[in-house]
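I opened this notebook to record what I looked up in one structure, entry by entry. The entries go from the chain as a whole to its ligands and then to single residues.

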Amino acid sequence: MVKLLGIALLLPLVISFSPSTIFNKGLTRSAVSTTNYSPVTSPSIRRGATELNAKNKKVVVLGGDGFCGWPTSLYLSDQGHDIIIVDNLSRRNIDNELGCDSLTPIASPAERVRAWEEVSGKKIKFVNLDVAKDYAELVELFKTEKPDTVVHFAEQRAAPYSMKSSKGKRYTIDNNVPGTNNLCCAIVDAERDIHVVHLGTMGVYGYGTSGGEIPEGYIDVTLPGGRESNILHPAYPGSVYHATKCLDAIMFQFYQKNDQLRITDLHQGIVWGTNTPQTIRDERLINRFDYDGDYGTVLNRFLMQGAMGVPLTVYGTGGQTRAFIHVTDTARCIEIAINNPPKKGDRVEIFNQVAETRRVRDIAGMVASRTGVEMKMVPNPRQEAAENELDVSNKKFCNLGLEPLTLDEGLFDEVTEVVQKYKHRCDPRMILPATYWNKARAEECEKKMPSVGEMTKDMK
Ligand code: NAD
Ligand code: USQ
């Protein structure tokens with residue numbers, strides 16, 4: 001069970017590591033996790049259990065050019081898996097459309113895979129293909145490459161972008177839903193027993209709406225007449241993007257039942273951090289870092305704002321509680337999922353891929369106390385609960401050996417160093433939110449949002 005920790009626990013946690021120290025020595029993991037996994041075995045035995053199930057696999061990574069996909073591809077390659085990245089570079093095109101860019105200068109896909117081969121001696125193939133549109137090519141890829149696993153990251157993933165306009169809403173549905181359907185359909189057409197590992201989101205559950213601990217995918221219910229059942233947790237999306245992840249879950253349920261596809265759906269929390277032990281091995285391997293109001297996620301935005309001397313943009317009261325995970329653990333979780341597929345005929349396996357939950361104003365408080373930058377409560381551009389509790393089970397990953405990194409372990413410095421190095425690339429106009437969930441939110445924001453000039457007057 002991952003529970004909200006009080007701010008009193010958070011503030012003294014100022015530990016200084018340099019990124020190279022962290023990554024060279026292996027990431028520091030807390031001896032006492034905030035999670036409550038079944039303490040049936042020691043951490044080393046639990047790690048061994050995962051390794052026992054491991055063998056080198058051929059893995060197609062859909063969306064492998066993105067923020068999570070790229071470091072995961074490198075991690076899996078480093079572990080000895082044979083990796084093929086598929087990506088249509090739509091994320092890079094959306095940057096062009098929005099007039100912004102990753103804070104870090106990311107290399108082209110061709111240069112990225114060349115650099116990886118130079119530093120690691122391992123080859124990664126890159127295929128430019130649109131999962132939502134190039135169906136015949138996808139089937140052909142599965143027939144010729146015969147992968148053991150497909151990891152599916154290839155979706156439009158920003159809630160604000162999905163709420164920006166009717167264009168954003170329609171694109172998000174038109175990209176994400178057909179992409180997932182094509183993936184399942186192509187596995188059936190290729191007649192291959194390929195395990196699907198999909199990146200879903202904690203947002204499918206809503207945030208704390210079921211009134212207790214959020215279980216992993218399925219919830220025990222009592223139906224009218226006192227009938228006991230265990231069903232998919234009710235979907236309660238907060239954006240068009242989150243709705244596509246709910247639709248994915250229904251499609252996975254169908255393809256598992258109808259075609260016995262082996263599917264693992266990972267309900268991931270907000271990912272933070274930038275680099276991993278693989279991406280720091282060469283400048284050309286650097287991961288993307290989104291800081292803008294649409295794609296930048298909350299903790300990375302606060303860390304970036306703190307490093308630049310810009311007030312931290314807390315939306316509303318900052319009482320929103322969300323789940324978090326470091327990007328290094330994203331990659332580790334995915335390998336654990338790859339190594340532990342469900343058996344043919346088993347229902348869709350669902351894991352909550354989270355390390356801990358925190359309140360937005362508490363994480364802002366942590367960043368403010370480290371940087372001396374003030375928190376700025378700005379009107380909330382989103383239609384969401386001002387305050388919520390969030391209690392999430394993450395037992396399954398912990399029982400399979402995950403010892404998650406938590407926010408208080410010094411990794412803030414890694415992000416801060418990256419921001420310091422590339423802050424000349426920041427466009428201050430991109431820092432304020434640029435998307436409103438509905439007309440009422442837009443009107444309130446228009447009246448009360450501080451100006452760019454006000455926000456950036458003390459920018460370093
Ligand atoms: P990202 O936008 O950086 O990466 C997604 C990649 O998929 C991009 O490189 C994009 O070009 C590619 N893509 C999108 N549509 C495609 C298509 N039709 N065909 C081929 N390629 C396509 O996003 P990310 O942060 O790496 O997230 C990856 C996945 O993880 C998403 O599905 C997202 O929902 C999920 N997730 C992300 C976070 C987070 O905090 N970043 C948290 C929870 C879940
Ligand atoms: N927020 C602020 N200030 C900011 C930015 C955000 O207060 O400057 C608040 C938002 O209002 C929200 C919370 O922080 O309450 C989280 O926002 P976010 O943008 O960090 O995360 P979200 O929109 O939920 O989406 C991100 C990823 C998405 C993933 C999701 C996981 O972009 O792909 O699915 O996290 S989860 O939130 O667990 O569903």
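The entries below follow the order in which I made the look-ups.

**Entry 1. The chain as a whole**

I note at the outset that this is a predicted model. I counted the secondary structure and obtained 17 helices and 14 strands. I then turned to burial: buried residues make up 57% of the 460 residues in the chain. For the accessible surface of the chain I recorded about 18,100 Å², with 53% of it belonging to carbon and sulfur atoms. I also looked at how far apart in sequence the contacting residues are. Of the contacts between residues at least 6 apart in sequence, 84% join residues at least 24 apart.

**Entry 2. Ligand 1**

Which residues are closest to ligand 1? I found 29 residues surrounding ligand 1, and the closest are C68, D87, N175, Y241 and K245. By class, I sorted this shell into 12 nonpolar, 9 polar and 8 charged residues.

I next listed polar atoms facing ligand 1. An N or O atom in the side chain of D87 is 2.6 Å from an oxygen atom of ligand 1. The side chain of N175 places an N or O atom 2.8 Å from a nitrogen atom of ligand 1. From the backbone, an N or O atom of G66 lies 3.3 Å from an oxygen atom of ligand 1. Ligand 1 has 820 Å² of accessible area on its own, and the protein covers 97% of this area. I traced the shell back to secondary structure: α5 (90–98), β5 (195–201), α10 and β9 (270–272) each give two or more residues to the shell around ligand 1.

**Entry 3. Ligand 2**

I repeated the look-up for ligand 2. Its shell holds 23 residues, of which T201, Y241, V298, T313 and E384 come nearest. I noted that Y241 is also among the closest residues to ligand 1. The shell around ligand 2 divides by class into 10 nonpolar, 8 polar and 5 charged residues.

Where do polar protein atoms meet oxygen atoms of ligand 2? In the side chain of Y241, an N or O atom is 2.6 Å from an oxygen atom of ligand 2. For E384, I read 2.6 Å between a side-chain N or O atom and an oxygen atom of ligand 2. A polar backbone atom of Y315 is 2.9 Å from an oxygen atom of ligand 2. Taken alone, ligand 2 exposes 740 Å², and the protein buries 96% of that. At least two residues of this shell come from each of α10 (240–259), α11 (298–308) and β10 (312–315).

**Entry 4. Helix α11**

Having met α11 in the shell around ligand 2, I examined its burial. I take α11 to be largely enclosed by the rest of the structure, because 10 of its 11 residues are buried. Its buried residues are L299, N300, R301, F302, L303, M304, Q305, G306, A307 and M308. The elements covering them include β9, β10, β11 (321–326), α13 (360–371) and α15 (412–422). Just after α11, I noted a positive phi of about 75° at G309.

**Entry 5. H198**

I located H198 in strand β5. Is H198 buried or exposed? Its relative accessibility is 0%, so I record H198 as buried. The side chain of H198 makes a polar contact with the side chain of D248 at 3.1 Å. Setting aside neighbours within four places in sequence, I found H198 in contact with H152, E155, K245, D248, F252, T264, D265 and L266.

**Entry 6. R112**

R112 sits in helix α6 (residues 109–120). I record R112 as buried because its relative accessibility is 0%. Its side chain reaches the backbone oxygen of I286 at 3.2 Å. Beyond four places in sequence, the contacts of R112 include D65, W70, R92 and R288. I also checked a pair distant in sequence: R112 and D282 are 170 residues apart along the chain, and their C-alpha atoms are separated by 9.5 Å.

**Entry 7. Cysteines**

Finally, I searched for disulfides, with sulfur atoms within 2.5 Å as the cut-off. The count comes to 0 disulfides. For C333, the nearest cysteine sulfur is that of C398, 8.4 Å away, and C333 is in no disulfide. With a relative accessible area of 0%, C333 is buried. I also entered C246 as buried, at 10% relative accessibility.

Methods
Residues are numbered from 1 along each chain as its sequence is written. Chains are lettered from A and ligands numbered from 1 in the order in which they are written. This is a predicted model: local features need pLDDT of at least 70, side-chain atom pairs count only at pLDDT 80 or more; totals for chains, interfaces and linings use all residues. Side-chain values use heavy atoms; hydrogens and water are left out. Buried means under 20% relative accessible area, exposed over 50%, partly exposed in between (1.4 Å probe, protein chains only). A residue is near a molecule or strand if one of its heavy atoms lies within 4 Å of it. A polar contact is a pair of N or O atoms within 3.5 Å; within protein, one must be able to donate a hydrogen and the other to accept it, and residues adjacent in sequence count only if both atoms are side-chain atoms. Accessible areas come from the Shrake-Rupley method with a 1.4 Å probe; for residues, only the protein chains shown count as cover. Helices (H or I, at least four residues) and strands (E, at least two) are DSSP runs, numbered from the N terminus. Ala, Val, Leu, Ile, Met, Phe, Trp, Tyr, Cys and Pro count as nonpolar, Asp, Glu, Lys and Arg as charged, and the others, Gly among them, as polar. Contact means heavy atoms within 4.5 Å.
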